[in-house]
Amino acid sequence: MEWKEIYKSRVVSPDDAVSNIKNGDRIVLGHAAGEPITIMEALVNNKEKFEDVEIDHMIALGESGYAKLGMEKHFNYNSLFVGSPTRDAVNSGRADYTPCFFHEIPRLFKCNYLPVDVAIVQVSTPDKHGFCSFGVSNDYIKPATECAKIVIAEVNDKMPRILGDNFIHVSDIDYIVETSHPIIELKPAKIGDVEKAIGKHCASLIQDGDTLQLGIGAIPDAVLLFLKDKKDLGIHSEMISDGVVELVEAGVITNKKKSYHPGKIVVTFLMGTKRLYDFVDDNPMIEMYSVDYVNDPRVVMKNSNMVAINSCVQIDLMGQICSESVGINQISGVGGQVDFVRGVGKCQGGRSIIAISSTAAKGKISKIVPILDKGAAITTTRNDVDYVITEYGIARLRGKTLKERARQLIGIAHPNFREELIKEFENRFHTKY
């Protein structure tokens, strides 16, 4: 049967699509800007038909109605990375969180740690060969479709067609829901003087020809501000946002000097504005692959002269890094931080940076602390940490003793907290700071 006939035969309404979900099924859901919002609205609207349906995904940017109070009978939410719409559900006990490295999530599906009954995705319209692009979210959702018993796809004519190993044929989709709505946008973060100072310090460690991994938020965006005089930078990152577009257009990011995938920006998902989505659409420079490839430390290490920039919630005087919880309260997840910290640690010329503002709560709390908060998760171990940067400077911890680490971290802490950190240092090590 010709693909257009297959496609036409599988088009259904949102309500009809979700009617194929059974009680007790596990659903793996496309995340972030790739969230299939039309189908999920139908699922929530039909909640009375469902009991004990598990929903697994990472960052939620949509309504997340399935995680609201009163939905417990119908939906069990299992977060693989806690976002603001789902944080209360996890920390109140209505939902749960599964600790996992980002690059290993597909393995949870493939090896039946989390068997997939239904994968619900958002994709582009098919090309002339019948292939739909996963668009802005490949990551774990492409592998999930390859394991699922049923694949339900929201085909959105606004979803960009992004190249790489980022396609599914219509014959591999069981139910198709046609939609037309803008892709969820994430506006650029506000960059203040603190973020600019951190960005300038980070940029000082970046050299012409380096390959970068960047997260999202004010600090990564601030780093990009100070790279305009660099030459031939490359990108191998779990995600990118709008700031990368400006540097490509300015000729700063060319990917020419990359030792792996030269000439290409390699990513696994995207979050940004329409400017970013228009830029990546059918752009031969952009290649998307699943996260078990992009974030695999064994793949990351194939890049030489790579710099990874991530952030955290707290770091203690030994260099232990918490990036995902405030005490026992889960606020985010591991994500790809450890994937890239470890991969870059094995790169020739690799540099890993944890970049943070020195304080939180409007200056009332130091992020550099004697001991992590009780119950705080250690995301990146003290054995993996390399550079730590605040607005007050750069500390390099790799190869340093506990005393040397503590001295360097105190030196980049906010001045208002240095006295108590020095007191802790002297009590702990029985020596003058």
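These exercises with worked solutions concern the structure shown above.

The model is predicted, so local features need pLDDT of at least 70 and side-chain atom pairs count only at pLDDT 80 or more, while totals for chains, interfaces and linings use all residues. Residues are numbered from 1 along each chain as its sequence is written, and side-chain values use heavy atoms, with hydrogens and water left out.

**Exercise 1. Find how many disulfides the structure holds, and explain the result for Cys111 and Cys312.**

Step 1. A disulfide is a covalent bond between the sulfur atoms of two cysteines; here the test is a pair of cysteine sulfur atoms within 2.5 Å.

Step 2. For Cys111, the closest cysteine sulfur belongs to Cys147 and is 8.7 Å away, which is too far for a bond. For Cys312, the closest cysteine sulfur is that of Cys322, at 7.8 Å, again too far for a bond.

Step 3. The structure therefore holds 0 disulfides.

Step 4. The surroundings can be described through relative accessible area, where buried means under 20%, exposed over 50%, and partly exposed in between (1.4 Å probe, protein chains only). Cys111 is partly exposed at 43%, whereas Cys312, at 7%, counts as buried.

**Exercise 2. Describe the largest pocket by its volume and its lining.**

Step 1. On a 1 Å grid over the protein atoms alone, a pocket is an open set of points where a 1.4 Å probe fits, with protein on both sides within 12 Å along at least five of seven lines, and lining residues have an atom within 4 Å of a point. Grid points are joined across faces, edges and corners, and a volume is the space filled by probe spheres set on the points.

Step 2. The largest pocket holds about 1,200 Å³ of space. It is lined by 49 residues, of which Phe81, Ile216, Ser311, Ser323 and Ser332 are the closest to its centre.

Step 3. Helices (H or I, at least four residues) and strands (E, at least two) are DSSP runs, numbered from the N terminus. Among the elements that each supply at least two lining residues are strand S10 (211-214) and helix H8 (218-225), and H8 gives the largest share, 3 residues.

Step 4. Sorted by class, this lining has 25 nonpolar, 19 polar and 5 charged residues, where Ala, Val, Leu, Ile, Met, Phe, Trp, Tyr, Cys and Pro count as nonpolar, Asp, Glu, Lys and Arg as charged, and the others, Gly among them, as polar.

**Exercise 3. Connect helix H9 with the second largest pocket, and decide how far H9 is enclosed.**

Step 1. The second largest pocket has about 300 Å³ of space, and the residues closest to its centre, out of 19 in the lining, are Pro188, Asp221, Ser241, Asp242 and Gly243.

Step 2. Helix H9 (242-249) and H8 each supply at least two of these lining residues, with H9 providing the largest share, 4 residues.

Step 3. Because 6 of its 8 residues are buried, H9 is largely enclosed by the rest of the structure; the buried residues are Asp242, Gly243, Val244, Val245, Leu247 and Val248.

Step 4. These buried residues pack against H8, strand S11 (234-235), strand S12 (239-240), strand S13 (265-267) and helix H10 (274-280), where contact means heavy atoms within 4.5 Å.

**Exercise 4. Work out the order and the edges of the open sheet of 7 strands.**

Step 1. Two strands pair if DSSP finds at least two bridges between them.

Step 2. The strand order is S4-S3-S2-S1-S5-S7-S9, and the pairing is parallel. At the edges stand strand S4 (96-97) and strand S9 (175-179), each of which pairs on one side only.

Step 3. Strand S7 (residues 150-156) and S9 are joined in the parallel sense over 5 bridges, and Val155 has Glu178 in S9 as its bridge partner.

**Exercise 5. Locate Ser64 and Asp139, and state what their phi angles show.**

Step 1. Most residues other than glycine have a negative phi.

Step 2. Ser64 has a positive phi of about 55 degrees although it is not a glycine; Ser64 lies in the loop between strand S2 (53-57) and strand S3 (75-79) and, at 2% relative accessibility, counts as buried.

Step 3. Asp139, also not a glycine, has a positive phi of about 25 degrees. Its place is in the loop between strand S6 (131-133) and helix H6 (141-147), and at 0% relative accessibility Asp139 counts as buried.
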